Amino acid sequence: MLPGKIVCVGRNYRDHAKELGNEVPKEPLIFLKPPSSVIGSGDPIVLPAASTRVEFEGEIGVVVGAKLCRATEAEAMRGIGGIVAVNDVTARDLQKTDGQWTRAKGFDSFCPMGVPGDAPTDLQRLTVVTRVNGVEKQRGSASDMVFSIPALLSYISHVMTLDPGDLVATGTPAGVAPLAPGDIVEVEIPGISRVSNGVKADR
Ligand code: ZN
């Protein structure tokens, strides 16, 4: 079943903010991806003709398990339904020129997500690894996040109610790079979830 909404977090790892020349935000920077961008493992990521630079962003995804409205961090912890590997595919050129990120983040096939697994007791131990054609490109740990997973869920729930099935993508570590037709990109949360997708041109 598709998430009702997908809330993403920008610049939540210092090294990634830095690699794109950005400061770490004082509050979580959030944006939305449309549910229509979701694909599963094995489905192709389609590079749109409108972009010349489409990049992978491997992320730790949180599937919401209970309704969260103005939740405390403790309530947010209890509202986690699962952990899932997510690729926040981004048209980097359009992200810069558009200002609003809707198009850059919203093309069909721009949200590969795996099958969710159970959240560990200690969320800080979660790691995410991205490989392209079998070569490791990104490795991040929840312990390196600027804002923790419970802090993010609590923050978002003070803006919009999170419903069961909603997906929160918690930001990407350093190492983002462009994808080319023929690439295979894999995001793995070791022991919990993975998603692997081929890349093809629009036409
Ligand atoms: Zn992202």
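The exercises below work through sheets, a helix, aromatic rings, cysteines, a metal site and one loop residue of this structure.

This is a predicted model, in which local features need pLDDT of at least 70, side-chain atom pairs count only at pLDDT 80 or more, and totals for chains, interfaces and linings use all residues. Residues are numbered from 1 along each chain as its sequence is written, and side-chain values use heavy atoms, with hydrogens and water left out.

**Exercise 1. State the strand order of the sheet that contains β10, and find its edges.**

Step 1. Helices (H or I, at least four residues) and strands (E, at least two) are DSSP runs, numbered from the N terminus. Two strands pair if DSSP finds at least two bridges between them.

Step 2. The order is β4-β14-β13-β10-β11, an open sheet of five strands with mixed pairing.

Step 3. At the edges stand β4 (45–47) and β11 (135–141); each has a single partner strand, so one side of each is left without a neighbour in the sheet.

Step 4. From one strand to the next, the twist averages 20 degrees. Axes for such angles are lines fitted to C-alpha atoms, for helices over the stretch in contact, and angles run from 0 to 180 degrees between N-to-C directions.

Step 5. Strand β10 (residues 127–132) runs antiparallel to β11, and six bridges join them. Within this pairing, V128 has G140 of β11 as its bridge partner. The β10–β11 hairpin has two residues between the strands, and N133 takes a positive phi near 50 degrees there.

**Exercise 2. Do the same for the sheet that contains β6.**

Step 1. Five strands in the order β2-β1-β12-β6-β7 form an open sheet, again with mixed pairing.

Step 2. Its edge strands, β2 and β7 (80–87), each pair on one side only. The twist averages 25 degrees from one strand to the next.

Step 3. Three bridges connect β6 (residues 58–64) with β12 (residues 167–169) in the antiparallel sense. Here G61 stands opposite A169 of β12.

**Exercise 3. Place helix α5 and describe its burial.**

Step 1. Helix α5 (residues 149–157) lies across β1 (6–10), β2, β6, β7 and β12, and runs at about 60 degrees to β6.

Step 2. Buried means under 20% relative accessible area, exposed over 50%, and partly exposed in between (1.4 Å probe, protein chains only). Eight of the nine residues of α5 are buried, so the helix is largely enclosed by the rest of the structure.

Step 3. Those buried are I149, P150, A151, L152, L153, S154, I156 and S157. Their cover includes β1, β2, β6, α2 (73–78), β7 and β12.

**Exercise 4. Count the aromatic pairs and classify that of F31 and W101.**

Step 1. Rings of Phe, Tyr and Trp (its six-membered ring) pair if their centres lie within 6.5 Å; planes under 30 degrees apart count as stacked, over 60 as edge-to-face and the rest as tilted.

Step 2. The structure holds two aromatic pairs. For F31 and W101, the ring centres are 5.0 Å apart and the planes are at 70 degrees, so this pair is edge-to-face.

Step 3. F31 belongs to β2 (residues 29–33) and W101 to the loop between α3 (92–98) and α4 (102–106), so the pair ties together parts that are 70 residues apart in sequence. F31 and W101 are both buried.

**Exercise 5. Decide whether C8 is bonded or unbonded to C111.**

Step 1. A disulfide is counted for a pair of cysteine sulfur atoms within 2.5 Å.

Step 2. The cysteine sulfur closest to that of C8 is in C111, 6.3 Å away, too far for a bond. The count of disulfides is zero.

Step 3. C8 is buried at a relative accessible area of 1%, and C111 is buried, also with 1%.

**Exercise 6. List the donors of the zinc ion and their sequence spacing.**

Step 1. Donors are N, O and S atoms within 2.8 Å of the metal (3.2 Å for Na, K and Ca); water is not among the atoms, so sites may look incomplete.

Step 2. E57 (OE), E59 (OE) and D88 (OD) coordinate the zinc ion at 1.9 to 2.1 Å. The spacing reads E-x1-E-x28-D.

Step 3. E57 counts as buried at 4% relative accessibility, and E59 counts as buried at 1%.

**Exercise 7. Describe the surroundings of A142.**

Step 1. A142 sits in the loop between β11 and α5 and is buried, with a relative accessible area of 2%.

Step 2. Contact means heavy atoms within 4.5 Å. Apart from neighbours within four places in sequence, A142 is in contact with Y13, I60, L123, Q124 and L126.

Step 3. From A142 to R125 the C-alpha to C-alpha distance is 6.4 Å, at a separation of 17 residues in sequence.
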